[in-house]
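I opened the structure and kept short notes on what I looked up. The entries follow in the order I made them.

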Amino acid sequence: MASTEKKTLYTADATAIGGRSGHVRSATGVIDMDMSVPEGLGGKKGATNPEELFAAGYSSCFQQALLVIAQRAGDRLDPQTEVKCSVSLFQEGEGYGLSAVLDVDLKSFDQDKTIDMVRQAHKICPYSVGTRGNMEVDLRVKGESIGLEAQENAGVAERGGVQ
């Protein structure tokens with residue numbers, strides 16, 4: 001396996017004060033908002049939570065990965081392509097965890113091609129790479145789970161690094 005040097009392309013900085021019932025601000029000031037426990041768990045209206053921010057980031061990042069996959073194949077995505085991400089907070093014993101569902105609608109490709117593109121995007125999306133082996137991720141096309149092979153969710157460490 002050829003070794004490649006890791007090159008940092010961008011670093012985002014944000015600061016939280018007060019945890020889930022506090023405030024978060026990015027270094028750029030673009031994100032500057034109150035945080036709350038989710039409303040359904042007794043939190044206040046008008047505030048976001050870590051799961052909502054994670055879902056927004058993952059869906060955006062995954063859609064960019066789809067754009068890259070399409071471009072590599074000489075295809076173009078429909079401008080109305082959607083990637084919906086649902087992030088769930090769960091409790092298991094004394095610990096807490098997250099799981100995610102990515103539901104993709106490419107609009108202009110058939111089911112087989114869409115599934116192939118979603119699988120390829122899952123291999124390169126930084127959020128997918130970062131969560132692989134650490135968090136359950138369900139990939140769906142128009143609401144239907146496409147299932148993942150064990151190696152598609154294996155941790156990076158198990159494979160000996162990103163290839």
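**Tyr-58 and the core**

I started with Tyr-58 and set aside its neighbours within four places in sequence; Tyr-58 is then in contact with Cys-85, Ala-100, Leu-102, His-122, Cys-125, Tyr-127, Ser-128, Thr-131 and Val-137. I note here that the model is a predicted one.

I then looked up the largest nonpolar core, which has 26 residues. Tyr-58 is among those with the most contacts inside this core, together with Phe-62, Leu-66, Leu-102, Met-117 and Val-118. I checked which elements supply at least two residues each to this core, and they are α1, β4, β5 (95–105), α2 (111–124) and β6 (136–141). Which of them gives the most to this core? I found that α1 does, with eight residues.

**The chain as a whole**

I stepped back to the full chain and counted four helices and seven strands. Read along the sequence, I get the pattern β-β-β-α-β-β-α-α-β-β-α.

How much of the chain is buried? Of the 163 residues, 33% are buried. I also looked up the exposed surface of the chain, which comes to about 10700 Å². Carbon and sulfur atoms supply 49% of that surface.

For contacts, I took those in the chain with a separation of 6 or more. Residues 24 or more positions apart account for 48% of these contacts.

**Leu-77**

I found Leu-77 in the loop between α1 (50–72) and β4 (82–92). Is Leu-77 buried or exposed? Leu-77 has a relative accessible area of 13%, under the 20% cut-off, so I wrote it down as buried.

Not counting residues up to four places away in sequence, Leu-77 touches Leu-66, Leu-67, Ala-70, Leu-106, Phe-109 and Met-117. Two names in that list, Leu-66 and Met-117, I had already met among the residues with the most contacts inside the core. I also took one distance: Leu-77 and Gln-63 are 14 residues apart in sequence, and their C-alpha atoms are 9.8 Å apart in space.

**Thr-131**

Thr-131 was on the contact list of Tyr-58, and I went to look at it next. Thr-131 lies in helix α3. Its relative accessible area is 8%, which is under 20%, so Thr-131 counts as buried. With neighbours within four places in sequence left aside, Thr-131 is in contact with Phe-54, Tyr-58 and Val-137.

**The largest pocket**

I looked up the space in the largest pocket and got about 620 Å³. The elements that give two or more residues to its lining are β2 (23–26), α1 and α3 (126–131). The lining has 19 residues, and those nearest the centre of the pocket are Ala-12, Ile-31, Leu-53, Gly-57 and Tyr-127. The largest share of the lining comes from α1, with six residues. By class, I noted 13 nonpolar, five polar and one charged residues in the lining.

I followed up Leu-53, which sits in helix α1. At 32% relative accessibility, Leu-53 is partly exposed. Leaving aside neighbours within four places in sequence, Leu-53 is in contact with Val-24, Met-33, Met-35 and Thr-48. Leu-53 and Val-87 are 34 residues apart along the chain, and 9.3 Å separates their C-alpha atoms.

**Glu-136**

I found Glu-136 in strand β6. Its relative accessible area is 60%, over the 50% cut-off, and therefore Glu-136 is exposed. Beyond neighbours within four places in sequence, Glu-136 is in contact with Leu-98, Ser-99 and Ala-100. For Ala-100 I looked up the C-alpha distance as well: 6.4 Å from Glu-136, with their positions 36 residues apart in sequence.

**Two positive phi angles**

Most residues other than glycine have a negative phi. I wrote down two residues with a positive value.

Lys-107 has a phi near 65° and is not a glycine. Lys-107 lies in the loop between β5 and α2, and is partly exposed at a relative accessible area of 38%.

Lys-142, also not a glycine, has a positive phi of about 50°. I found Lys-142 in the loop between β6 and β7 (144–145). With a relative accessible area of 54%, Lys-142 is exposed.

Key
Residues are numbered from 1 along each chain as its sequence is written. This is a predicted model: local features need pLDDT of at least 70, side-chain atom pairs count only at pLDDT 80 or more; totals for chains, interfaces and linings use all residues. Side-chain values use heavy atoms; hydrogens and water are left out. Buried means under 20% relative accessible area, exposed over 50%, partly exposed in between (1.4 Å probe, protein chains only). Contact means heavy atoms within 4.5 Å. A nonpolar core is a set of buried Ala, Val, Leu, Ile, Met, Phe, Trp, Tyr and Cys residues joined through side-chain atoms within 4.5 Å. Accessible areas come from the Shrake-Rupley method with a 1.4 Å probe; for residues, only the protein chains shown count as cover. On a 1 Å grid over the protein atoms alone, a cavity is a set of points where a 1.4 Å probe fits but cannot get out, and a pocket is an open set with protein on both sides within 12 Å along at least five of seven lines; lining residues have an atom within 4 Å of a point. Grid points are joined across faces, edges and corners, and a volume is the space filled by probe spheres set on the points. Ala, Val, Leu, Ile, Met, Phe, Trp, Tyr, Cys and Pro count as nonpolar, Asp, Glu, Lys and Arg as charged, and the others, Gly among them, as polar.
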